[in-house]
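Q: Got a minute to go through this one with me? I'd like to start with the ligand and then look at how the helices pack.

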Amino acid sequence: MLEVTDLRAAYGRIEVLHGVSLTLAQGEIVAIVGANGAGKTTLLKTLAGVHPAAGGRLRYDGKDITLARPHARVAAGISLVPEGRQVFGPLSVRDNLRLGAYRSDAGDGDITEMEELFPILGERRDQPAASLSGGQQQMLAIARALMARPRLLLLDEPSMGLAPMIVEQIFATLRARHGAGNLTILVVEQNVSAALKFAQRGIVLETGDIAVEGPSAALLADGRVQRAYLGH
Ligand code: ATP
């Protein structure tokens with residue numbers, strides 16, 4: 001579904017992705033893990049088109065999207081849940097969901113579906129998004145992205161700042177949604193343990209390069225990953 005070849009990205013003259021190559025098969029859940037500053041957010045932004053590629057190629061569904069504008073990628077089925085949720089604070093929960101459907105045909109039926117997926121969003125539908133807790137805002141950010149009816153969902157650190165129980169709940173809901181079919185998920189996380197338990201496959205990014213990759217179970221058992229990221 002997605003083929004990333006030798007992707008480079010830079011801020012000014014400083015290159016932060018040094019030629020990343022990876023592929024995603026349709027229906028996979030893949031985690032990109034790594035320390036602070038490894039380039040995970042930059043990678044997702046480049047895939048979503050909100051940061052330009054400085055080199056390399058992106059193919060999605062057999063088409064070259066390296067130069068495609070972000071809105072065209074959304075229309076093609078790529079949705080980003082940005083780091084720090086970025087909900088529209090003064091707007092109601094419902095209006096945040098409606099904005100997620102800006103590029104799709106999603107309507108009230110989709111909103112109902114989101115409220116079934118995350119019941120708290122139904123209970124709080126008329127409240128301003130800013131009044132939600134961090135975990136609830138994360139749920140709203142995910143639901144807003146799903147309103148675009150994506151086939152590829154990009155999640156940037158959904159666990160950030162949340163209690164372990166909420167993180168578990170969010171990943172369980174995403175797994176259920178994935179199980180319902182037709183969704184491929186790429187998640188970037190500093191929470192290596194939670195991410196690898198959620199994903200089928202993991203990729204460790206270190207200062208702009210892929211250091212290790214493999215099935216999640218193998219990475220969780222890998223001494224290098226355990227020492228560097230799991231505190232063993
Ligand atoms: P974190 O987990 O802390 O978000 P990350 O792995 O997502 O880290 P990035 O945010 O992609 O990493 O950052 C990669 C590198 O690019 C870092 O060295 C960072 O300082 C730098 N960087 C990120 N955004 C900018 C920017 N807007 N301008 C300049 N440098 C940036």
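A: Sure. Keep in mind that this is a predicted model. A good place to start is helix α1 (residues 40-48), which gives the most to the shell around the ligand, with three residues.

Q: And which residues come nearest to the ligand?
A: Asn36, Gly37, Thr41, Thr42 and Glu157, out of the 13 residues around it.

Q: What's the mix in that shell: how many nonpolar, polar and charged?
A: Six are polar, four are nonpolar and three are charged.

Q: OK, polar contacts. How far is the side chain of Asn36 from an oxygen atom of the ligand?
A: An N or O atom in the Asn36 side chain sits 2.4 Å from a ligand oxygen.

Q: What about Gly37, backbone or side chain?
A: Backbone: a polar atom there is 2.8 Å from an oxygen atom of the ligand.

Q: And Glu157?
A: Glu157 uses its side chain, with a polar atom 2.8 Å from an oxygen of the ligand.

Q: How much of the ligand does the protein cover?
A: 59% of the 630 Å² of accessible area that the ligand has on its own.

Q: Switching to helices. At what angle do α6 and α7 cross?
A: Roughly 15 degrees, and the axes of α6 (residues 134-146) and α7 (residues 164-179) come within 10 Å. Angles under 35 degrees count as roughly parallel, so α6 and α7 are roughly parallel to each other.

Q: Left-handed or right-handed crossing for that pair?
A: Right-handed, as α6 passes α7.

Q: And α3 with α4, what's the angle there?
A: The axes of α3 (residues 93-100) and α4 (residues 108-117) cross at roughly 120 degrees and come within 10 Å. That angle makes α3 and α4 oblique to each other, and their crossing is right-handed.

Technical notes
Residues are numbered from 1 along each chain as its sequence is written. This is a predicted model: local features need pLDDT of at least 70, side-chain atom pairs count only at pLDDT 80 or more; totals for chains, interfaces and linings use all residues. Side-chain values use heavy atoms; hydrogens and water are left out. A residue is near a molecule or strand if one of its heavy atoms lies within 4 Å of it. A polar contact is a pair of N or O atoms within 3.5 Å; within protein, one must be able to donate a hydrogen and the other to accept it, and residues adjacent in sequence count only if both atoms are side-chain atoms. Accessible areas come from the Shrake-Rupley method with a 1.4 Å probe; for residues, only the protein chains shown count as cover. Helices (H or I, at least four residues) and strands (E, at least two) are DSSP runs, numbered from the N terminus. Ala, Val, Leu, Ile, Met, Phe, Trp, Tyr, Cys and Pro count as nonpolar, Asp, Glu, Lys and Arg as charged, and the others, Gly among them, as polar. Axes are lines fitted to C-alpha atoms, for helices over the stretch in contact, and angles run from 0 to 180 degrees between N-to-C directions. Angles under 35 degrees count as roughly parallel, over 145 as roughly antiparallel, 65 to 115 as roughly perpendicular and the rest as oblique. A crossing is left-handed if the near helix is turned anticlockwise from the far one by less than a right angle, and right-handed if clockwise.
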